[in-house]
Amino acid sequence: MLIPKTASRVLCTCFTSAMAGVALLAVTACSPQPTTQSPAQPAPSHADQAPSAAHADGGHDAHAAQPTHAAALPPDGQRWATDAPLRAGMARIRQAVEALEHGVHGHLDAAQQQAAAAQVDAAVADMIANCNLVPEADASLHGLLATFIAGATAARDGRFTQAELVPMQEALVQYPQRFDDPTWTQPTPE
């Protein structure tokens, strides 16, 4: 069965909006209750904990009100501990952003751009599903993930330009400033 182009665009837009909303909701809801743990301590597992009341009630408004920028930064001179899902997910996002950079220069076709967007989506979904970060580190990650989700949405919609690429690249630079990821290396300038 063929779907008219306008109908498939509407379906894609609805799916994209829903995916972004679910991703942001899940990111905000993956943290355990606040603790006094410092950034240098390893992240505890909270896979067996029940979801928060706001999450169980579908409290989108409660999640949207959480800070994602300055209040979520680690104390001066420290970085948040990372877990394996975060390190793997960020590596996959980095690969996708590098691919999208080629797209800005006209070196990707539409299918390759879609594949890069799907790689970002999958990495974000995996990080959400396997989140083991302390609440403060989780909150610090929110702004970064929102940037990647926005860029992937633009790529999926065929409107990915330098304006969407730059914030994604900036978020990749912020990641090792906020998080202690021993596997992360900054690219050398060409």
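## Salt bridges and a helix pair

Let's begin with a pair of side chains close together in the sequence: D157 and R159 meet in a salt bridge, with 3.6 Å from N to O. This is a predicted model, so the distances here are computed from its atoms. D157 has a relative accessibility of 16%, and because buried means under 20%, D157 counts as buried. Its partner R159 has a relative accessible area of 44% and is therefore partly exposed.

Why might such side chains be found together? Side chains of opposite charge can pair when their charged atoms come close. In this model the count comes to 5 salt bridges, and two others are worth a visit.

To see the next one, look first at two helices. Helix α5 covers residues 110-129, and helix α6 covers residues 135-156. Two packed helices are described by the angle between their axes and the distance between the axes. For α5 and α6, the axes come within 8 Å and cross at roughly 150°. Angles over 145 degrees count as roughly antiparallel, so α5 and α6 are roughly antiparallel to each other. Their crossing is left-handed.

Which residues make the contact between α5 and α6? On the α5 side they are Q113, Q114, A117, V120, D121, V124 and M127. From α6 come L145, F148, I149, A152, A155 and R156. By character, the residues of this contact divide into 9 nonpolar, 2 polar and 2 charged.

Two names from that contact, D121 and R156, also form a salt bridge, and their closest N and O atoms are 2.5 Å apart. D121 lies in helix α5 and R156 in helix α6, so the pair ties together parts that are 35 residues apart in sequence. Are these two residues buried or exposed? Both D121 and R156 are buried.

Helix α5 takes part in another salt bridge, this time with helix α4, residues 84-104. Here the side chains of D126 and R92 meet at 2.5 Å, N to O. D126 sits in α5 and R92 in α4, and the pair links distant parts of the chain, 34 residues apart. How accessible is D126? Its relative accessibility is 37%, so D126 counts as partly exposed. R92 has a relative accessible area of 26% and is partly exposed too.

As you turn the structure, you can follow α5 from one bridge to the other: D121 of α5 pairs with R156 of α6, while D126 of α5 pairs with R92 of α4.

Technical notes
Residues numbered from 1 in each chain as written. Predicted model: local features only at pLDDT ≥ 70, side-chain atom pairs only at ≥ 80, totals over all residues. Heavy atoms only, no water. Axes fitted to C-alpha atoms, helices over the stretch in contact; angles between N-to-C directions. Helix = DSSP H or I, 4+ residues; strand = E, 2+ residues; numbered from the N terminus. Parallel < 35°, antiparallel > 145°, perpendicular 65-115°, else oblique. Left-handed = near helix turned anticlockwise from the far one by under 90°. Contact = heavy atoms within 4.5 Å. Nonpolar A, V, L, I, M, F, W, Y, C, P; charged D, E, K, R; others polar. Salt bridge = Lys/Arg side-chain N within 4 Å of Asp/Glu carboxyl O. Buried < 20%, exposed > 50% of the residue type's maximum accessible area, 1.4 Å probe, protein only.
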